[in-house]
Amino acid sequence: MDITAIPIEQWLQQGIFALLFVWLLFNQQKDSKAREERLMEHLTKTTTTLDTLSKRMENVSTKVDHIDNRLTEFEKKGA
């Protein structure tokens, strides 16, 4: 197919759609990058919070075990 045989109107129509496609593609990539950055920031904050909660739960578990041991000793002495 000879490219010069295509009428100029078709070139203009296809060129407009090509430009719109390229513009939408770059716009979508920019939005995706911003969304990914926000997601990574959220994941970092969530991970930090979960680490803090995990440490606190370990402390609570240790204290409950200590209380349970003392209660068991008290029950043995009282029996």
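The paragraphs below walk through this predicted model, going from the whole chain to single residues.

We can begin with the overall form of the chain. Its secondary structure comes to 1 helix and 0 strands, and helix 1 covers residues 8–78. The C-alpha atoms fill a box of roughly 105 × 20 × 15 Å when this box is taken along the principal axes. The radius of gyration fits with that picture: the chain has 33 Å, whereas a compact globule of 79 residues would have a value near 12 Å. A pair of residues gives a feeling for these distances, since R38 and I16 stand 22 residues apart along the chain and their C-alpha atoms are separated by 33 Å.

The next topic is the surface. Buried residues make up 0% of the 79 residues in the chain, where a residue would need to have under 20% relative accessible area in order to be called buried. The accessible surface of the chain comes to about 7,900 Å², and 63% of this area belongs to carbon and sulfur atoms.

Which residues form a nonpolar patch on the surface? They are I16, F17, L20, W23 and L24, and together they have about 580 Å² of accessible area. L20, a member of this patch, has its place in helix 1. L20 counts as partly exposed because its relative accessibility is 44%, a value that lies between the limits of 20% for buried and 50% for exposed.

From the nonpolar patch we can turn to the charged side chains. The chain has 11 positive and 12 negative side chains, and the centres of these two sets lie 11 Å apart. How many salt bridges does the structure hold? It holds 1 salt bridge, which E41 forms with K45, and the closest N and O atoms of this pair are 3.4 Å apart. Both E41 and K45 lie in helix 1, with a separation of 4 residues, which is about one turn of the helix.

The two partners of the salt bridge can also be described by their accessibility. E41 has a relative accessibility of 46% and therefore counts as partly exposed, while K45 is exposed because its relative accessible area is 51%. Another charged residue, R38, has its place in helix 1 as well. Is R38 buried or exposed? With a relative accessible area of 55%, R38 is exposed, because the limit for that class is over 50%.

Note on methods:
Residues numbered from 1 in each chain as written. Predicted model: local features only at pLDDT ≥ 70, side-chain atom pairs only at ≥ 80, totals over all residues. Heavy atoms only, no water. Helix = DSSP H or I, 4+ residues; strand = E, 2+ residues; numbered from the N terminus. Rg over C-alpha atoms; globule rule 2.2 N^0.38 Å. Buried < 20%, exposed > 50% of the residue type's maximum accessible area, 1.4 Å probe, protein only. Areas by Shrake-Rupley, 256 points an atom, 1.4 Å probe, with all protein chains shown as cover. Lys, Arg positive; Asp, Glu negative; His and termini not counted. Charge placed at Lys NZ, Arg CZ, Asp CG, Glu CD. Patch = residues over 30% accessible without salt bridge, like charges linked within 9 Å, V, L, I, M, F, W, Y side chains within 5 Å. Salt bridge = Lys/Arg side-chain N within 4 Å of Asp/Glu carboxyl O.
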